[in-house]
Amino acid sequence: MSVITTEKHQNILVIISNNPPVNALGAAVRQGLVDGIEEALSDDEIEAVVVRCDGRTFFAGADITEFGKPMQGPNLGEAIDRLEASDKPVVAAIHGTALGGGCEVALACHYRVAVPSAKMGLPEVKLGLIPGAAGTQRLPRVVGAEAALPMVVIGNPISAKKAHAIGLVDQIVGEGSLAEDAIAFAREQIGKEPPRSSEGTANEDGIKNPAIFDEFRRKNGRKIRGFDAPEAGIQAVKAAGELSYADGVKKEGELFMKLMTGTQSAAMRHYFFAERAANKIDGIDPKIDLIPIKKVGILGAGTMGGGIGMNFLSAGIPVTIVELKEEALERGVGVIRKNYENTAKRGRMTEEQVEGAMSILTPSLSYDDLADCDLVIEAVFENMDVKKEVFAKLDGIVKQGAILASNTSYLNIDEIAAVTKRPEYVLGLHFFSPANIMKLLEIVRGEKTADNVLMTAMKLSKRIGKVAAVSGVCPGFIGNRMLSPRQEQANIMIMEGANYWDVDDVLLDFGFPMGPFQMSDLAGVDIGWHRDPERIETLRDALCAAGRWGQKVGKGFYDYNEARQRTPADEVKQIIAEFAAKAGKEQREISKDEIRERLLYPMVNEGAKILEEGMAQRASDIDVVWINGYGWPLYTGGPMFWADTVGLDNVVAGLKKHGLPVAKLLEEKAAAGGKFNG
Ligand code: 3HC
Ligand code: NAI
């Protein structure tokens with residue numbers, strides 16, 4: 001069956017797309033749209049047109065799988081120009097998500113009606129692109145440059161209500177009656193001169209007040225640092241005010257093509273599919289029966305337990321949180337409330353939502369209250385004996401058929417599972433701090449973890465807004481295991497003469513939010529310190545003995561001013577020099593290139609070992625972990641994709657040059673001219 005069909009409703013022609021799953025605008029759809037509008041124009045009985053989609057959504061964008069391949073049939077810009085050029089009114093009937101090219105289709109239609117639950121947006125920037133079918137030129141002409149900027153440059157979709165408020169949607173129609181309401185709306189427009197977005201004048205705000213562009217850059221500086229597409233988006237929207245429509249479209253085309261052929265967009269498109277692939281487990285039927293999760297138990301209300309609990313509360317899933325002592329329980333629950341109230345203060349939650357979330361939280365000092373939970377997540381101290389004791393106890397109390405999970409960062413899940421009589425119901429759910437915010441959920445699959453238990457966890461992660469990736473059981477799993485060699489090299493290099501601030505700056509320049517020594521200062525240099533100032537065996541002992549406990553006391557590796565800006569500290573340089581001298585380490589200048597190679601190549605090497613051992617299903621899962629859990633810059637595609645772009649032969653040569661080990665898989669792939677991804 002054709003992906004585009006038409007239906008005549010007396011004098012209205014309805015063009016319907018049915019291209020599951022998301023009505024992506026592939027070649028056949030584009031051709032169908034052109035044919036549909038031609039049918040309408042050549043039929044004298046037809047006086048107006050409606051464009052709508054069957055299935056779960058209006059067009060969700062260009063077909064990303066076609067990118068990088070030769071264009072088949074009409075391009076999207078040409079196809080939708082035909083819609084706009086029609087002298088019979090054309091109405092877009094929107095449900096689901098009108099994204100990217102889908103939003104551009106809607107913009108090219110003369111009118112837009114949407115159901116209340118619909119969303120509209122231009123998320124191309126998240127693929128390292130800008131809209132390429134005149135979206136950057138039509139949108140500002142309809143809603144103004146100021147309202148267009150966040151949509152083009154940040155790329156988050158807006159609700160139908162907001163779209164209506166800014167003039168992007170003409171009418172909100174009934175949730176269950178889109179098809180009929182759109183026809184009725186179209187009928188009302190017959191005989192009127194169709195308004196064309198390309199002729200709109202709202203873009204003049206950017207001419208009257210050109211400061212909005214720099215202001216936008218300033219306000220969003222942190223968010224867009226390092227990315228190419230946002231700046232291109234700003235320039236395109238600015239051009240919509242400065243240039244004629246035709247020249248603006250040309251400018252958009254040039255900016256779009258430059259991005260499309262660049263490495264950032266390739267990396268970000270890789271990531272788009274990586275995130276979705278990570279949800280799929282080889283050999284498990286995605287339709288397997290899942291365990292219903294209606295109530296969650298959390299053990300431990302410390303740093304992690306509270307944040308983990310918030311994920312479920314926010315998703316409307318009741319949580320029982322258990323602590324050892326009243327004081328710890330009260331503190332943990334207090335932190336949850338405070339976090340929610342801060343969110344409400346920033347306008348991102350209502351007071352009712354705060355109370356709603358808190359009302360489904362049950363604090364308790366008794367394990368017995370966990371008996372009827374469908375899933376219990378343990379977040380107690382990181383100690384194997386403690387974990388074993390806790391799991392044995394939970395196993396005796398929590399109902400059969402419920403899942404028992406550990407948030408351990410490093411410990412062996414199989415060993416923990418072995419103390420229970422239900423090892424197939426045990427797995428790792430490794431959240432990242434702050435657990436209510438960080439996107440990543442590393443799901444650790446034990447040797448005996450049952451397929452439906454694993455899939456239940458995967459599905460649940462989506463429900464609570466996390467990005468999941470599966471790891472096998474190995475120390476530190478995927479993420480922390482790869483962090484170790486980077487940390488090790490950082491520590492070795494500062495003993496060989498590298499400046500510790502250069503080490504941080506190299507990672508910052510690469511696109512990480514911070515380097516290892518900044519991170520240490522933020523977390524607290526004194527974490528895990530033995531607290532005896534007389535016992536100085538490591539650099540950390542020396543820093544702690546000197547009271548350099550990190551940002552919280554105003555000094556750690558760096559000295560901090562009131563604004564928390566860092567400057568390298570003479571005292572620390574001195575301490576490092578003394579340690580290096582004592583260890584007899586020869587000092588030399590270490591270039592930033594060497595620092596980068598020695599920090600990042602060993603991570604790629606560890607990633608290769610993880611793949612070799614089958615601890616990750618695919619290289620792209622490793623990319624998902626590092627982008628979402630550790631701030632690896634998205635625009636490089638993650639460590640394994642980045643290594644592909646550097647060239648695996650270069651990575652191997654770099655490792656050898658620095659006397660570092662090379663994993664077998666890496667060596668083989670490099671020798672064969674292969675890649676980790678594709
Ligand atoms: N092209 C090709 N495939 C797409 C696609 C697209 N634009 N959008 C989604 N898909 C695929 C996904 O890969 C996935 O495939 P799979 O089942 O084989 O893994 C399937 O559709 C379902 O997608 P999700 O799992 O993401 O489904 P959700 O319901 O969670 O989300 C969505 C739906 C919000 C539409 C989400 O898929 C999405 O955000 N899609 C991308 C939207 C986008 O970026 N559009 C802009 C494209 S670029 C463009 O339009 C350029 C233009 O300006 C010229
Ligand atoms: P924490 O020390 O802040 O909290 C642990 C809490 O567990 C304490 O409040 C303690 O009173 C409670 N507790 C201890 N034994 C208990 C028991 N038997 N029953 C009930 N409560 C008990 O520790 P944090 O940082 O929250 O870590 C918890 C787990 O999460 C550890 O396994 C850790 O490795 C892991 N983790 C920690 C991350 C972090 O950044 N802090 C990141 C990811 C995982």
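## A buried lysine and the surroundings of ligand 1

In this predicted model, K466 is buried (under 20% relative accessible area, 1.4 Å probe, protein chains only) yet has no salt bridge, that is, no side-chain nitrogen of Lys or Arg within 4 Å of a carboxyl oxygen of Asp or Glu. The nearest side chain of opposite charge to K466 is that of E275, 12 Å away. K466 lies in the loop between α19 (451–463) and β17 (467–471), and its side chain reaches the backbone oxygen of M438 at 2.7 Å.

Around ligand 1 there are 25 residues, a residue being near if one of its heavy atoms lies within 4 Å. R56, E104, E124, R276 and K280 come nearest. By class, this shell holds 13 nonpolar, five polar and seven charged residues. β5 (97–99), α3 (101–108) and α13 (263–277) each supply at least two residues of the shell, and the largest share, three residues, comes from α13.

Polar contacts are pairs of N or O atoms within 3.5 Å; examples for ligand 1 follow.

| Ligand 1 atom | Protein partner | Distance |
|---|---|---|
| oxygen | E124, side-chain N or O atom | 2.6 Å |
| nitrogen | I64, polar backbone atom | 2.9 Å |
| oxygen | K462, polar side-chain atom | 3.4 Å |

Taken alone, ligand 1 exposes 990 Å², of which the protein buries 75%; the areas come from the Shrake-Rupley method with a 1.4 Å probe.

Residues are numbered from 1 along each chain as its sequence is written, while chains are lettered from A and ligands numbered from 1 in the order written. Local features need pLDDT of at least 70 and side-chain atom pairs count only at pLDDT 80 or more, whereas totals for chains, interfaces and linings use all residues, and side-chain values use heavy atoms, with hydrogens and water left out.

Methods: Polar contact = N/O pair within 3.5 Å; in protein donor to acceptor, adjacent residues only side chain to side chain. Helix = DSSP H or I, 4+ residues; strand = E, 2+ residues; numbered from the N terminus. Nonpolar A, V, L, I, M, F, W, Y, C, P; charged D, E, K, R; others polar. Buried < 20%, exposed > 50% of the residue type's maximum accessible area, 1.4 Å probe, protein only. Lys, Arg positive; Asp, Glu negative; His and termini not counted.
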